[in-house]
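Biologist: I'd like to learn how to read a model like this one. Could you walk me through it, feature by feature?

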Amino acid sequence: MFRTLYHAGLRSEEVSLLDRPDLHFTRGPFGKLHVRFGKGARTSGPRPRWVPMLDGLDLVLHWFLDDVRDKFPDSPVLFADESGGSLHRGTIRNRLRYLMELEGRPATDRFSPHALRRACATHNYERGVDLVAIQQLLGHWTVSSTMRYVRPSATFIEDAYRRAVTTTLSELTAEGDSSA
């Protein structure tokens with residue numbers, strides 16, 4: 001479930017409302033999640049969207065369905081509670097907190113499920129994913145909302161410069177080789 005929050009950039013409420021039929025492993029090159037109850041802007045109601053299963057999320061969800069989900073009561077809910085119902089977003093937050101406590105993580109290093117969504121936006125941006133694509137992934141109404149989620153690393157500028165110079169040098173080298 002936490003991998004789904006991170007890799008798909010979903011909100012806790014969105015992941016809690018996923019049903020098994022919302023997984024479409026053969027749709028698109030990566031498979032897609034049908035987020036039927038995306039958060040609507042300014043009381044506009046739910047905004048459904050399709051979210052690709054990036055970074056091997058399809059493999060994680062296949063494993064979950066094959067090896068874990070059947071240990072819970074039969075229901076259409078993907079991430080079910082002990083009775084087979086949908087998890088509450090507070091339960092998701094509490095389970096993450098419990099896991100970090102179990103891990104021995106100091107309170108100053110703990111994070112929320114929503115921080116996984118922000119990390120998804122930041123990591124995709126740092127990889128060079130187009131900002132509009134990240135906006136669509138997160139289900140934001142505007143790019144300015146998405147920009148509030150992006151927190152590049154301290155070395156982001158240097159890394160971007162290094163990639164640009166490397167690309168330019170390899171293009172120049174390739175041009176020089178072809179004219180010889």
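Modeller: Here is a short tour, from the whole chain down to single residues. This is a predicted model, so to speak of local features we need pLDDT of at least 70, side-chain atom pairs count only at pLDDT 80 or more, and totals for chains, interfaces and linings use all residues. Residues are numbered from 1 along each chain as its sequence is written, and side-chain values use heavy atoms, with hydrogens and water left out.

Biologist: Okay, how many helices and strands does the chain have?

Modeller: Helices (H or I, at least four residues) and strands (E, at least two) are DSSP runs, numbered from the N terminus. Here you get 8 helices and 3 strands, and along the sequence they come as α-α-β-β-β-α-α-α-α-α-α. The C-alpha trace spans about 70 × 40 × 40 Å along its principal axes.

Biologist: And what share of the residues is buried?

Modeller: Buried means under 20% relative accessible area, exposed over 50%, and partly exposed in between (1.4 Å probe, protein chains only). By that rule, 32% of the 180 residues are buried. As for contacts, meaning heavy atoms within 4.5 Å, take those with a separation of 6 or more: 51% of them link residues 24 or more positions apart.

Biologist: Now the sheet. In which order do the strands lie?

Modeller: Strands of a sheet pair through backbone hydrogen bonds, either parallel or antiparallel. Two strands count as paired if DSSP finds at least two bridges between them. In this chain the 3 strands make an open sheet in the order 1-2-3, with antiparallel pairing. Strand 1 (23–24) and strand 3 are the edge strands, each pairing on one side only.

Biologist: How many bridges join strand 2 to strand 3?

Modeller: Strand 2 (residues 32–35) is joined to strand 3 by 4 bridges, and strand 1 to strand 2 by 2 bridges. You can trace K32 across the sheet: K32 is the bridge partner of H24, and K32 also has P52 in strand 3 as a bridge partner. L33, for its part, sits opposite V51 in strand 3.

Biologist: Which side chains of strand 2 are buried?

Modeller: In a regular strand the side chains alternate between the two faces of the sheet. Strand 2 does this: L33 and V35 point to one face and are buried, while K32 and H34 point to the other and are not. Strand 3 alternates too, with R49 and V51 buried on one face, and W50 and P52 on the other and not buried.

Biologist: What about the loop between strand 2 and strand 3?

Modeller: Try P48, which lies in that loop. P48 counts as exposed because its relative accessible area is 53%. Skipping residues up to four places away in sequence, P48 touches H34, V35 and R36. The C-alpha atoms of P48 and T4 are 17 Å apart, with the two positions 44 residues apart along the chain.

Biologist: Let's move to a helix. Which residues of helix 6 are buried?

Modeller: In helix 6 (residues 131–138) they are L131, I134, Q135, L137 and L138. Why are they said to be on the same side of helix 6? Because they cover an arc of only 160° around the axis, where the arc is that of the directions from the helix axis to the C-beta atoms. Their cover includes helix 1 (2–8), strand 3, helix 5 (113–127) and helix 7 (143–147).

Biologist: Is S12 buried or exposed?

Modeller: S12 belongs to helix 2 (residues 12–16), and S12 counts as buried because its relative accessibility is 14%. Leaving out neighbours within four places in sequence, S12 is in contact with L5, R89, I92 and P113.

Biologist: Last one: which residue has a positive phi although it is not a glycine?

Modeller: That's D55, with a phi of about 55°. D55 is in the loop between strand 3 (49–52) and helix 3 (57–68). At 40% relative accessibility, D55 counts as partly exposed.
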